[in-house]
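This report describes how one protein chain is packed, from its pocket and cores to individual residues. The sequence and the structure are shown first.

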Amino acid sequence: MLSDFQARLEEVERLVRDDRDEVGKRAGVPFIVFTYDPDDELEVDEEVRNLIEKLEYHDQTVAGVDMRELVFSILEDRGILENVIDLERRDRDQLLDGLKSSLLDDGEMGQLASAIATAAEDADTVIVYRMGILYPFASASTLMGQLEMNTPDDTPIVFCYPAKVDDKSLRFLDESEGTYYRARVIGHE
């Protein structure tokens with residue numbers, strides 16, 4: 001028997017494989033937010049990798065964006081990873097401000113959104129996972145806002161986010177992280 005999140009991942013698979021035209025039909029953007037309980041992170045991570053393999057088996061070009069790897073890679077490329085680790089111990093507020101400016105505020109699109117947009121150029125589907133690393137300096141809503149006018153309309157982007165849906169907002173660790181009302185949300189109870 002499938003677990004709740006496995007059944008919901010099957011819905012994601014159906015949308016991006018068989019019903020692609022439904023993804024952005026109502027909202028006008030090709031975004032899907034797949035939420036899950038943060039306690040299920042390791043199991044979801046494995047199932048997301050399985051989903052990527054299934055889509056590739058069905059001849060889709062899938063760009064899997066591991067947000068944790070992307071954040072560390074950008075910080076390392078900029079030569080500031082060690083400073084970030086040190087600052088995390090000393091001054092969390094300064095760290096959060098620095099991460100926002102380093103990863104989100106690079107002109108019209110931040111480095112994180114730019115990497116996702118670049119992946120979308122050559123893919124049939126983009127799946128962004130391990131997004132818990134963004135909290136609390138960024139949100140899925142922020143990324144979607146930056147990507148809205150900068151990605152192909154026919155490339156679904158799935159954001160796998162450890163959060164709960166509360167009314168129309170996403171809640172991560174019991175704090176509201178904002179609302180992106182245009183994405184299709186496949187949420188958990």
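A pocket is here an open set of grid points, reachable by a 1.4 Å probe, with protein on both sides within 12 Å along at least five of seven lines. The model examined is a predicted one. In this model, the largest pocket holds about 260 Å³ of space. Its lining comprises 15 residues, and those closest to the pocket centre are Val84, Glu88, Leu95, Leu99 and Ile133. Helices α4, α5 and α6 each contribute at least two residues to this lining. In terms of residue class, the lining contains 13 nonpolar and 2 charged residues, with no polar ones.

**Overall composition**

The protein chain contains 8 helices and 8 strands. Of its 189 residues, 47% count as buried. Among contacts with a separation of 6 or more, 78% join residues that are 24 or more positions apart.

**Two sides of helix α5**

Helix α5 spans residues 81-90, and its buried residues are Leu81, Val84 and Leu87. These residues lie on the same side of α5, because they cover an arc of only 120 degrees around the axis. The spacing fits a general rule: an α-helix has 3.6 residues a turn, so residues three or four places apart point the same way. The cover over the buried residues of α5 includes α4 (67-77) and α6 (92-103). On the face turned away from the buried side, α5 carries the exposed residues Glu82, Asn83, Arg89 and Arg90.

**Nonpolar cores**

In soluble globular proteins, nonpolar side chains tend to be buried together. The largest nonpolar core of this model has 43 residues, and Met67, Leu112, Ile116 and Phe159 have the most contacts inside it. The greatest contribution to this core comes from helix α7 (residues 111-121), which gives 6 residues. Another core lies apart from it and has 20 residues, including Val48, Leu51, Ile52 and Val158.

Which residues surround Leu112, neighbours within four places in sequence aside? Leu112 is in contact with Met67, Leu70, Val71, Ile74, Leu103, Leu104, Leu134 and Leu143.

One of these partners, Leu104, is placed in the loop between α6 and α7. Leu104 counts as buried because its relative accessibility is 6%, and buried means under 20%. Leaving aside neighbours within four places in sequence, Leu104 is in contact with Leu99, Met109, Gly110, Leu112, Phe137, Ala138, Thr142, Leu143 and Gln146.

Ala113, in helix α7, is buried, with a relative accessible area of 0%. With neighbours within four places in sequence left aside, Ala113 is in contact with Leu143, Gln146 and Leu147. These three partners are among the buried residues of α8, which are Ala140, Ser141, Leu143, Met144, Gln146 and Leu147. Helix α8 (residues 140-147) is largely enclosed by the rest of the structure, because 6 of its 8 residues are buried.

**Separations along the chain and in space**

The table sets sequence separation beside C-alpha distance for three residue pairs.

| Pair | Separation in sequence | C-alpha to C-alpha distance |
|---|---|---|
| Leu104 and Ser114 | 10 residues | 9.3 Å |
| Ala113 and Leu103 | 10 residues | 8.6 Å |
| Arg49 and Tyr129 | 80 residues | 9.3 Å |

Arg49 is located in helix α3 (residues 41-57). With a relative accessible area of 36%, Arg49 is partly exposed. Not counting residues up to four places away in sequence, Arg49 touches Asp66, Tyr129 and Arg130.

**Positive phi values**

Most residues other than glycine have a negative phi. Where does Arg130, a partner of Arg49, lie in the chain? Arg130 is found in the loop between β3 (125-129) and α8. Its phi is positive, about 60 degrees, although Arg130 is not a glycine. Arg130 counts as partly exposed, at 22% relative accessibility.

Asp59, in the loop between α3 and β2 (62-66), likewise has a positive phi, near 65 degrees, in a residue other than glycine. Is Asp59 buried or exposed? Asp59 counts as exposed because its relative accessibility is 70%, and exposed means over 50%.

Notes. Residues are numbered from 1 along each chain as its sequence is written. Side-chain values use heavy atoms; hydrogens and water are left out. Buried means under 20% relative accessible area, exposed over 50%, partly exposed in between (1.4 Å probe, protein chains only). Helices (H or I, at least four residues) and strands (E, at least two) are DSSP runs, numbered from the N terminus. The arc is that of the directions from the helix axis to the C-beta atoms. Contact means heavy atoms within 4.5 Å. On a 1 Å grid over the protein atoms alone, a cavity is a set of points where a 1.4 Å probe fits but cannot get out, and a pocket is an open set with protein on both sides within 12 Å along at least five of seven lines; lining residues have an atom within 4 Å of a point. Grid points are joined across faces, edges and corners, and a volume is the space filled by probe spheres set on the points. Ala, Val, Leu, Ile, Met, Phe, Trp, Tyr, Cys and Pro count as nonpolar, Asp, Glu, Lys and Arg as charged, and the others, Gly among them, as polar. A nonpolar core is a set of buried Ala, Val, Leu, Ile, Met, Phe, Trp, Tyr and Cys residues joined through side-chain atoms within 4.5 Å.
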